[in-house]
Amino acid sequence: MENTQFILYEEEYKKINEIILRLAREANAKFVFLVDKNGQLIAHCGDTEDIDTTSLASLTAGNIAATSGLAKLLGEKEFSVLFHEGERDNIHITLIGERIILVVVFDHRSSLGLVRLRVKKASQELKKIFDELTEKIQKEMQAEELESPFSEITDEDIENLFSE
Amino acid sequence: MSFINYAAREINCKIVYYGPGLGGKTTNLQYIYDKTNPKSKGKMISLATETERTLFFDFLPLNLGEIKGFKVRFHLYTVPGQVFYDASRKLILKGVDGIVFVADSQIERMDANIESFENMIGNLEEQGYTIKSVPYVIQYNKRDLPNAAPVDEMKKELNKDNVPDFEAIAIKGTGVFDTLKAVTKLVLIDLKRKTGA
């Protein structure tokens, strides 16, 4: 499953955004984002304007990857929650299912307890959406109905990317 | 494993630069970073030791433009080349869409090239891929050095599958973009094949 393509449709994207928006509000977080285990940013909300979200996503995935490497060495399946405490900001990272990482950044206006509580609820909701999404993608793949903007690309399209 | 986001109209792919230590993987990324229009690139991240050896990975996000109204983004990663960082290499290969194998042309590094190539095949298999299923290209780097092995000999050892290969002097930029272009092309063609009707 891990090697199948990951596709996000408008419908699920909306639902996901609603959940993380609510999470950010209820947990008093600075910002919240979702990353897939390969480091691709899926969605984000909150005060991310001055933040390099692409780098943040990639480093989070690296962090989770290294931690799960550690877990395996110790005979654990996974360390599903990580917490980094800073002087000003803190990062709370949770694994959702096998593929998605939920990151909450918060400061003194919130607390670890509150974040954990809110994350727990949001994780369950997100897991449901991603499980359904995975099922949907797999079904479409099996039925060969997967529509992709790439099924009709031409050599010219590819060549054009490099023409500038 | 590419990521197609219909909501944001984006396609993201992951390219990994693999190869023996001190072969020039980071140098490739650094050159691409230096020569790319600031609008088309994100920040380059290097998780390196104090002596500038890659510890975990380098990361460079690139925007290539648009295809069919979708933004095409490539995330370039390097692995740490040194033999004892194998656990990290495995992690970075996860979800890979295409590989550049950067070989060191110096004749005394030939064994290291072969070892790294075999290590790559092994690690890919552990992740459930085969070398035949992942698009890849080979770069023979450091062609300017006096002790460079003949290209034919390197081909014989490393390019048995006859994939696109390039001579390069990464530090001067020679061959760097040719290599990148070739691998992105292969990845996009592969994506087309996988999702095509």
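How many residue pairs, both at pLDDT 80 or more, are in polar contact between chain A and chain B? In this predicted model, the count between the two chains is seven such pairs.

The side of chain A that touches chain B draws on several secondary-structure elements, and β1, α1, β3, α2 and α4 of chain A each supply at least two residues to that side. The greatest share comes from α2(A), which gives seven residues. By residue class, the side of chain A that touches chain B divides into 17 nonpolar, 13 polar and nine charged residues.

| Element of chain A | Residues |
|---|---|
| β1 | 6–8 |
| α1 | 10–26 |
| β3 | 41–46 |
| α2 | 53–73 |
| α4 | 155–161 |

As for the extent of the interface, 39 residues of chain A are in contact with 43 residues of chain B, and the area buried between the two chains is about 3900 Å², with carbon and sulfur atoms giving 63% of that area. On the side of chain A, the residues that lose the most area to chain B are Gln40(A), Phe150(A) and Leu161(A), which together make up 19% of what that side buries.

Two specific links can be named. The rule finds one salt bridge across the interface of chain A and chain B; in a salt bridge, the side chain of Asp157(A) meets that of Lys68(B), at an N to O distance of 3.3 Å. Strand pairing also crosses between the chains, where β1(A) and β1(B), the latter spanning residues 3–5, run parallel and are joined by three bridges. Within this pairing, Leu8(A) has Asn5(B) as its bridge partner.

Notes
Residues are numbered from 1 along each chain as its sequence is written. Chains are lettered from A and ligands numbered from 1 in the order in which they are written. This is a predicted model: local features need pLDDT of at least 70, side-chain atom pairs count only at pLDDT 80 or more; totals for chains, interfaces and linings use all residues. Side-chain values use heavy atoms; hydrogens and water are left out. Contact means heavy atoms within 4.5 Å. Buried area is the accessible area (1.4 Å probe) that two parts lose on being put together, summed over both. A salt bridge is a side-chain nitrogen of Lys or Arg within 4 Å of a carboxyl oxygen of Asp or Glu. A polar contact is a pair of N or O atoms within 3.5 Å; within protein, one must be able to donate a hydrogen and the other to accept it, and residues adjacent in sequence count only if both atoms are side-chain atoms. Helices (H or I, at least four residues) and strands (E, at least two) are DSSP runs, numbered from the N terminus. Ala, Val, Leu, Ile, Met, Phe, Trp, Tyr, Cys and Pro count as nonpolar, Asp, Glu, Lys and Arg as charged, and the others, Gly among them, as polar. Two strands pair if DSSP finds at least two bridges between them.
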